[in-house]
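Please open the model in your viewer and keep the selection panel at hand. The tour below goes from one selection to the next and says what is to be found at each stop.

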Amino acid sequence: MMTSSYLSIPAPYQPFEMINDPGTHSCRYTMKASDLTMMRYLQDLHQAETPAPVAQTPKYHTGRLPNSRAQDGKPRLMLMGQKRSGKSSISSVVFHKLPPSETLYLETTTHITKYSVHSILDFAIYDLPGHINYLDDAYDDEATFGEVDAVIWVIDAQDEYLDAINALNRTVLILQSRFPTINVEVFVHKVDGLSEDYKSDTFRDIIQRVQDELSDAGYDNAPVSFYQTSIFDDSIFEAFSKVIQKLIPQLPTLESLLNSLCSNCRIEKAYLFDVLSKIYIATDTSPTDIGSYEICSGYIDVVVDISEIYGWDRPTENGHTADEDTEDGMQDGESLITMEKKGNNYLYLREINKYLALICLMGEDSNSEKKVLIDYNVGVFKEALSKIFPGA
Ligand SMILES: Nc1nc2c(ncn2[C@@H]2O[C@H](COP(=O)(O)OP(=O)(O)OP(=O)(O)O)[C@@H](O)[C@H]2O)c(=O)[nH]1
C-alpha cells in the first residue's frame, strides 16, 4: 500500500465542477445536480431529524430510549454472561484500548463496573460479574434492568455452552415479559479459536436453541440479534457498532445522508466513525463487509498515530483554538491514501468534529481529480451533521 497522506491541509470549499468544452476549447464551471441534491437534504433536515412515524411497531426501538428514567438520551448497555466468557475483556479492548493479549491478566469482576463513553452520543456500559444470578429473587429486576436499553449477552463459544444458553433463555423470557423494549444482543464470543465449519455450526446451533425457546413461549419477534465476535480481530468493533447504531435516534437521517453522498460522489462505501473507539455510528445502506471495515479502521489507527505528532487544537465553539498560533483556515483534518493494488481506488478521510471522522472507499470512476467536488459535498454533509448533532 502506498500512502500519499497529507494531513492538516485545509479543504477547499468549491461548489463548482470544471467542464472542458471541446467546441470552444474553453472551460466552464457548472454546479452539478448532485450538489443540489445534497443541498436539498440539508434544507429538509428539520423534518428528517425525527424518523417518520411508521404504521407497524418497529422491530427494534430506534433510540427513543423508552427505559431512560433520566430522560438524558444516553444509552445504557449491560454486559452479561457466564463468568470467564470475556465480558471485561470486550469492554477493556474496545473502550480502553487494552491489547487483546493482555486480557489474560484481567481479574474476575466482583461488582458491577460502569464504563462511561464520551462520544457524539455519551453512553454507559455496565459490566456485570458472571457469578451472580441477577434474576434471583434477591435482586430487584426493576433496579437492575429498569434503565437499560440493550443487554449484550456474551457466550464463550470455545467452552461448553448449554448452561450459558439456558441462562440466556431465562433472561430473555423475563426481559420479554417485563422489559420488552430492551434489545438483546448475543455475542457468540471467542470464535478466533474455532475452525470455519465448527464456528458456523456452533453459531447456527446457538441461534436455533434461543429461537426455539422464544417461539415456544410465544415471542416470535423478540428483538434478539446474534454476532460472532473475538477480541483478536475487528469483529468485536463491528458488532459493537451495530449494537450502538440501534440506539441512535438519528440513524435513518444519517444513513440517507450517507447514501446521497455515496451516489453523488461515486463512493463505494462510507463510514462515519467515532475515532477513539473505532465504532462506526452509521454507514450507507449498501451491503457491509468486514473487509472494508478493516481497511477503514486500520486507516484510523494510522491517522490517529500521525495526528498525535502533527495534530493541532480544534477550534472551540466560539471559533478560537486553545493554541492561538494555529494557522488560519486549518479547520478540518483530512487525509487521502492510495491503494495501489486496487487501481484508482483510494481512501478519503475527513474530520467531521472532535469525535467523528468520515471515511470513504472511493469507487473506480471517482478519481482524485474530482476531489474538489467531493470536498464540497462532504462540506455540505458536515454542515448537515452539525444540525443533527448540535453542539458536538
Ligand atoms: N481466545 C479468546 N479469548 C478471549 C477472548 N475474549 C476474552 N478472552 C479470554 O477469556 C478470559 C476471561 O475473560 P474476562 O474478560 O476476564 O471474562 P469475564 O466474563 O469478564 O469474567 P468474570 O469477570 O469472571 O465475569 C481471559 O483470559 C481472556 O483473555 C476472545 O475473543 N478470544
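Begin with Lys269, which stands opposite Leu361 in strand 13; bear in mind throughout that this is a predicted model. Lys269 lies in a stretch worth selecting as a whole, since strand 9 (residues 267-274) pairs with strand 13 in the antiparallel sense over 7 bridges.

Next, select strand 13 itself, residues 356-362, where 7 of the 7 residues are buried. If you show the side chains, you will find Leu356, Leu358, Cys360 and Met362 pointing one way and Ala357, Ile359 and Leu361 pointing the other way, with all of them buried.

Now add strand 12 (residues 346-351), which runs antiparallel to strand 13 and is joined to it by 5 bridges. Within this pair, Leu349 stands opposite Ile359, and the two strands, strand 12 and strand 13, form a hairpin with 4 residues between them.

From there, turn to two helices, helix 8 (residues 251-265) and helix 10 (residues 371-388), whose axes are 10 Å apart and which pack at an angle of about 175 degrees. Because angles over 145 degrees count as roughly antiparallel, helix 8 is described as roughly antiparallel to helix 10. To display the contact, select Thr253, Leu254, Leu257, Leu261, Asn264 and Cys265 on helix 8, together with Ile374, Asn377, Phe381, Ala384 and Ile388 on helix 10; by class, this contact has 8 nonpolar, 3 polar and no charged residues.

It is then useful to colour the chain by domain, with domain 1 covering 17-49 + 250-388 and domain 2 covering 76-245. Where the two meet, 14 residues of domain 1 are in contact with 13 residues of domain 2. On the domain 1 side, strand 10 (279-283) and helix 9 (290-310) each supply at least two of the touching residues, and the residues of that side divide into 9 nonpolar, 2 polar and 3 charged.

Finally, select the open sheet of 6 strands, which has the order 4-5-3-6-7-8 and mixed pairing. Its edge strands are strand 4 (113-117) and strand 8 (224-228), each pairing on one side only, and the twist averages 20 degrees from one strand to the next. Strand 4 runs antiparallel to strand 5 (residues 123-127), with 5 bridges joining them, and Tyr115 stands opposite Ile125 in strand 5. Helix 5 (residues 162-178) packs on this sheet, touching strand 3 (76-81), strand 6 (150-156), strand 7 (183-189) and strand 8, and its direction makes about 165 degrees with that of strand 6. Helix 6 (residues 196-216) also packs on the sheet, touching strand 6, strand 7 and strand 8.

Methods:
Residues are numbered from 1 along each chain as its sequence is written. This is a predicted model: local features need pLDDT of at least 70, side-chain atom pairs count only at pLDDT 80 or more; totals for chains, interfaces and linings use all residues. Domain bounds come from an automatic or database domain assignment. Two residues are in contact if their C-beta atoms, placed from the backbone, lie within 7 Å. Ala, Val, Leu, Ile, Met, Phe, Trp, Tyr, Cys and Pro count as nonpolar, Asp, Glu, Lys and Arg as charged, and the others, Gly among them, as polar. Axes are lines fitted to C-alpha atoms, for helices over the stretch in contact, and angles run from 0 to 180 degrees between N-to-C directions. Angles under 35 degrees count as roughly parallel, over 145 as roughly antiparallel, 65 to 115 as roughly perpendicular and the rest as oblique. A residue is buried if 20 or more other C-beta atoms lie within 10 Å of its own, exposed if 12 or fewer, and partly exposed in between; C-beta atoms are placed from the backbone. Two strands pair if DSSP finds at least two bridges between them.
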